[in-house]
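Here is a short briefing to read with the model open beside you. Let's start at the ligand and then work our way inward.

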Amino acid sequence: MQPQIASTRIVPTDWLNPLPLAPFFSRPQPIEVDLGCGKGRFLLERARTHPDVNFLGIDRMLRRIRKIDNRARRHGLDNIRLLRIEGYYAVAYLMPTASIRTYYIFFPDPWPKKRHHTNRIFNPRFIDALHRTLQPGGIVHIATDHQEYFQEICGILRGDNRFTEIEPFQPTPEERTDFELWYEGKSPIGRLSLQKKDGAPSTQLPNATI
Ligand SMILES: C[S@@+](CC[C@H](N)C(=O)[O-])C[C@H]1O[C@@H](n2cnc3c(N)ncnc32)[C@H](O)[C@@H]1O
């Protein structure tokens, strides 16, 4: 019998301070985040095959969050929680320091037009936020089909001595995201995985300004 879950959605009462995540989950387990989880193909499959991990899916599109919530409840996946919010804000302001074991950031919007590049999520402030919120030894897995954006991401992260590059994450066929399936055979996929160094000095929480 699957456990009955009322809702997998987290709706914080305080949007300005770090959100203690553990109480939202049924079991105290490591927390991994799928940032920009889209339609949730990866998140749902990963949660199904890794019941000993708590997964937090973050996306700004309500329709997608609702769809994943329905599916997670239908399949009794009580190790999934969902947050509908802008990704940078979530990582910079809501994730507690050293709370996340792994971030999966698959096919972030590339904003291909040059005048829109400032909308890209990967920038030095975002990397600081990832670093602050990762546990020592925590990992970031990135994938994108957009070659120019991939080079930009590699340029930022490979030059950051708070991280060590590790073997890139390879999804199983069932874990491939909707976007990966869409780009399969059309465009090569760039993959980069990094590990936060154990002794790297901690990054400060930025001041919240809204
Ligand atoms: C290109 S899709 C990739 C979705 C999924 N990771 C995949 O690979 O199929 C990008 C997703 O990230 C979400 N997204 C884009 N920018 C975001 C942001 N700044 N904050 C939160 N979600 C964002 C979009 O709503 C969309 O679901």
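The shell around the ligand mixes residue classes: seven are nonpolar, four are polar and seven are charged. Please keep in mind that this is a predicted model. The notes below cover the ligand shell, then the nonpolar core, and then one histidine that is worth a look.

**Around the ligand**
- The shell counts 18 residues, and those that come nearest to the ligand are Gly-36, Gly-38, Gly-87, Thr-177 and Phe-179.
- Two helices, helix 3 (87-94) and helix 6 (178-183), each supply at least two residues of this shell.
- Helix 6 gives the largest share, with three residues.

**The nonpolar core**
- In soluble globular proteins, nonpolar side chains tend to be buried together.
- Here, the largest nonpolar core has 44 residues, and Leu-43 and Tyr-103 have the most contacts inside it.
- Setting aside residues up to four places away in sequence, Tyr-103 touches Val-33, Leu-35, Leu-130 and Val-140.

**A look at His-141**
- You can find His-141 in strand 5, which spans residues 134-144.
- His-141 counts as buried because 20 other C-beta atoms lie within 10 Å, and the cut-off for a buried residue is 20 or more.
- Beyond its neighbours within four places in sequence, His-141 is in contact with Thr-102, Tyr-104, Phe-169 and Ser-193.
- One of these partners, Phe-169, is 28 residues away along the chain, yet its C-alpha atom is 6.3 Å from that of His-141.

Methods. Residues are numbered from 1 along each chain as its sequence is written. This is a predicted model: local features need pLDDT of at least 70, side-chain atom pairs count only at pLDDT 80 or more; totals for chains, interfaces and linings use all residues. Helices (H or I, at least four residues) and strands (E, at least two) are DSSP runs, numbered from the N terminus. A residue is buried if 20 or more other C-beta atoms lie within 10 Å of its own, exposed if 12 or fewer, and partly exposed in between; C-beta atoms are placed from the backbone. Two residues are in contact if their C-beta atoms, placed from the backbone, lie within 7 Å. A nonpolar core is a set of buried Ala, Val, Leu, Ile, Met, Phe, Trp, Tyr and Cys residues joined through C-beta atoms within 7 Å. A residue is near a molecule or strand if its C-beta atom, placed from the backbone, lies within 6 Å of it. Ala, Val, Leu, Ile, Met, Phe, Trp, Tyr, Cys and Pro count as nonpolar, Asp, Glu, Lys and Arg as charged, and the others, Gly among them, as polar.
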